[in-house]
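Me: I would like to learn how the terms used for a protein structure follow from their definitions. Please take me through some cases in the one shown here.

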Amino acid sequence: MGVGPQLSVWLLLTVTVGLYFITETRAQSGDGEVVPTVKVRFGLMETFTPDLNDSSSPAYMALEMRVVDECTTICSNALGDAFEECDLQNFSEVTARRRQSTTAANMAIRLDSSIPASELPTADTVANAIVEGAANSSLINASSVVITAASFPTPATTGIPLSFTSLGETFTADLMDLTSPASMARVLLLTETLTPFYNNSFPSFQSMNVTGFRNGSIINDLLLAFLASSVPNISDIANVLINASSNITDFNITISSITVNGTDISVSSGVSHKISLITASFFVLLSWLLSSQH
């Protein structure tokens, strides 16, 4: 016995609504978990008709199936295991003055939330995958792909305390208050000076915050944040500061005072403190006098 056209539409609608419900449930699952999603808009080589405004119409569902299938094929081939699904949000009309209106698809490309955020493809990577994959498509206009939104979970980070003394600099009481003008000026000085050194040394470096200043000349307390999946060892963190010290003149870095994560860093014999020209000249003269007496 054949299935009537009304029953066929009802079955298609039931399946589509069921799939939509599953999709939305998965996207919203977890305790406030952010599902990595890139939303894109691209034109279709399809004339827009009013029934594409109605997600329950046969025309909408038929075109939805074609678009989702092609998007899924492109993204799964290009993004591999990082790809989760293509979800059509809606169709919209692209008006033109001298020709028929065409159709645009607004898509949500969801990525695998089990993959660490630092290893997920970027929004640009996702968009470029669609551009390249649709180069020979008879449905998707590759030149029309644009990113409309993106949401990614904040990557897990690990904070590493770093302290060093600025010997010879005077500590004042207002440095105890991080909201004071003196503190804010020094915070800006330290972060703007040191952040580039850590950015250039560690791809996993995320941020630097000054947590306080203490008396003893000036003891500077900082917190460096790294991706939890790639935290450098304390020696490497200290060496960045040690190597940078010879290029920094706006504040003093006493190398022997450096502590990382509560551990005092022993300066190797290959690292020396800067000696003033007067002191160096004195030792040269003293050496010459002693040698001349023999």
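Me: Are E169 and R186 buried or exposed?

Reply: In this predicted model, E169 is buried, and R186 is buried as well. The word applies because each has a relative accessible area under 20%.

Me: What makes the contact of E169 and R186 a salt bridge?

Reply: The N to O distance between the two side chains is 2.9 Å. The definition asks for a side-chain nitrogen of Lys or Arg within 4 Å of a carboxyl oxygen of Asp or Glu, so the pair of E169 and R186 at 2.9 Å qualifies. E169 lies in the loop between β5 (157-166) and α4 (181-201), while R186 is in helix α4, so the salt bridge ties together parts that are 17 residues apart in sequence.

Me: Why is the contact of R66 with E46 called a salt bridge?

Reply: The closest N and O atoms of R66 and E46 are 3.0 Å apart; the cut-off is 4 Å, and therefore the name is justified. R66 belongs to helix α2 (residues 58-79) and E46 to strand β1 (residues 37-47), so parts that are 20 residues apart in sequence are tied together.

Me: Why is R66 called partly exposed?

Reply: R66 has a relative accessible area of 40%. Buried means under 20% and exposed means over 50%, so a value of 40% falls in between and R66 is partly exposed. E46, with 23%, is also partly exposed.

Me: How do you know that D221 is buried?

Reply: The relative accessibility of D221 is 13%, and the limit for buried is under 20%, so D221 counts as buried. D221 forms a salt bridge with R214, the closest N and O atoms being 2.7 Å apart. R214 is partly exposed, with a relative accessible area of 41%.

Me: How many salt bridges are found in the whole structure, and which residues are joined into one network?

Reply: The search finds five salt bridges. E85, D87 and R110 are joined into one network by salt bridges that share partners.

Me: What makes β8 and β9 paired strands?

Reply: Two bridges join β8 to strand β9 (residues 263-264), and the strands run antiparallel. Pairing needs at least two bridges, so β8 and β9 meet the condition. T259 stands opposite D264 in β9. The two strands form a hairpin with two residues between them.

Me: Why do β5 and β8 count as paired?

Reply: β5 and β8 share three bridges in the antiparallel sense; because at least two are required, the strands pair.

Conventions: Residues are numbered from 1 along each chain as its sequence is written. This is a predicted model: local features need pLDDT of at least 70, side-chain atom pairs count only at pLDDT 80 or more; totals for chains, interfaces and linings use all residues. Side-chain values use heavy atoms; hydrogens and water are left out. Helices (H or I, at least four residues) and strands (E, at least two) are DSSP runs, numbered from the N terminus. Buried means under 20% relative accessible area, exposed over 50%, partly exposed in between (1.4 Å probe, protein chains only).
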